[in-house]
Amino acid sequence: MRKAKPKKRQVLPDPVFGDVRVAKFVNHLMYDGKKSIAFEIFYTALDNVKSKLPNEEMTALEIWKKALENVTPQVEVKSRRVGGATFQVPTEIRPDRKESISMKNLILYARKRGGKTMADKLAAEIVDAFNEQGGAFKRKEDMHKMAEANRAFAHFRF
């Protein structure tokens with residue numbers, strides 16, 4: 001490569017929980033640099049999650065982390081050309097990319113959901129992901145099925 005790799009930016013932890021993953025999630029959730037609004041949406045969504053699952057002994061943040069874990073894919077397929085044919089080659093995902101994909105999928109399917117406010121939609125998607133259902137969880141399952149179906153081409157790995 002001609003250019004040096006860009007340095008990784010240090011993400012500061014969020015003000016309420018002091019967690020870097022929450023800050024990254026809010027950065028994905030944010031539109032047009034409106035970070036305070038994104039934080040408000042996230043914290044309201046966590047309050048809604050806690051009210052939807054009152055008999056759960058975990059905190060709302062732990063429920064969110066478990067939901068993220070449930071929608072995190074382990075493998076994905078990448079296109080690879082071999083002699084004029086394109087194969088879908090299953091590859092493992094780097095840990096930082098896993099985290100990013102899971103956050104983006106959770107937010108994407110929350111936005112697609114029907115609901116009153118974004119906080120309500122996000123809360124509903126988090127609860128569904130926690131219970132291993134919903135759009136983001138289905139997306140992960142589909143990724144795994146694709147990788148399993150194309151396991152025969154794993155020897156074409158990069």
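Helices and strands are taken here as DSSP runs, with at least four residues for a helix and at least two for a strand, and they are numbered from the N terminus. In the predicted model, the elements of the chain follow the order α-α-α-β-β-α-α-α from the N terminus on. The chain thus holds six helices and two strands. Its C-alpha atoms fill a box of roughly 55 × 40 × 25 Å along the principal axes. Of the 158 residues in the chain, 39% are buried. Among contacts between residues at least 6 apart in sequence, 62% join residues that are at least 24 apart.

The two strands form a hairpin. Strand E1 covers residues 75–82 and strand E2 covers residues 85–92; the two run antiparallel and are joined by eight bridges. Within this pairing, Arg-81 stands opposite Thr-86 of E2. Two residues lie between the strands of the hairpin, and Gly-83 there takes a positive phi near 55 degrees.

The largest pocket has a volume of about 550 Å³. It is lined by 19 residues, and those closest to its centre are Lys-8, Arg-9, Val-11, Lys-24 and His-28. By class, the lining consists of nine charged, six nonpolar and four polar residues. Three helices each supply at least two lining residues: H1 (20–29), H2 (35–52) and H4 (95–112). Of the elements, H1 gives the most to the lining, with five residues.

Three residues were examined individually. Lys-50 is found in helix H2. With a relative accessible area of 30%, Lys-50 counts as partly exposed, because this value falls between the limits of 20% for buried and 50% for exposed. When neighbours within four places in sequence are left aside, Lys-50 is in contact with Glu-56, Met-58, Thr-59 and Ala-60. The contact with Met-58 includes a polar one: the side chain of Lys-50 reaches the backbone oxygen of Met-58 at 2.6 Å. Pro-95 lies 45 residues from Lys-50 along the chain, and the C-alpha atoms of the two residues are separated by 28 Å.

Glu-125 is found in helix H5, which spans residues 118–130. The relative accessibility of Glu-125 is 1%, and the residue is therefore classed as buried, the limit being under 20%. Apart from neighbours within four places in sequence, Glu-125 is in contact with Leu-106, Tyr-109, Ala-110, Arg-113, Gly-134, Gly-135 and Ala-136. One of these, Gly-135, also takes part in a polar contact, in which the side chain of Glu-125 reaches the backbone nitrogen of Gly-135 at 3.5 Å.

Asn-150 lies outside the helices, in the segment after helix H6 (135–149). Asn-150 has a relative accessible area of 14% and is buried, because this value is under 20%. Not counting residues up to four places away in sequence, Asn-150 touches Val-77, Gln-88 and Pro-90. Val-77 falls within the residue range of strand E1, while Gln-88 and Pro-90 fall within that of strand E2. The contacts of Asn-150 with Val-77, Gln-88 and Pro-90 thus link the segment after helix H6 to the paired strands E1 and E2.

Terms used:
Residues are numbered from 1 along each chain as its sequence is written. This is a predicted model: local features need pLDDT of at least 70, side-chain atom pairs count only at pLDDT 80 or more; totals for chains, interfaces and linings use all residues. Side-chain values use heavy atoms; hydrogens and water are left out. On a 1 Å grid over the protein atoms alone, a cavity is a set of points where a 1.4 Å probe fits but cannot get out, and a pocket is an open set with protein on both sides within 12 Å along at least five of seven lines; lining residues have an atom within 4 Å of a point. Grid points are joined across faces, edges and corners, and a volume is the space filled by probe spheres set on the points. Ala, Val, Leu, Ile, Met, Phe, Trp, Tyr, Cys and Pro count as nonpolar, Asp, Glu, Lys and Arg as charged, and the others, Gly among them, as polar. Buried means under 20% relative accessible area, exposed over 50%, partly exposed in between (1.4 Å probe, protein chains only). Contact means heavy atoms within 4.5 Å. A polar contact is a pair of N or O atoms within 3.5 Å; within protein, one must be able to donate a hydrogen and the other to accept it, and residues adjacent in sequence count only if both atoms are side-chain atoms. Two strands pair if DSSP finds at least two bridges between them.
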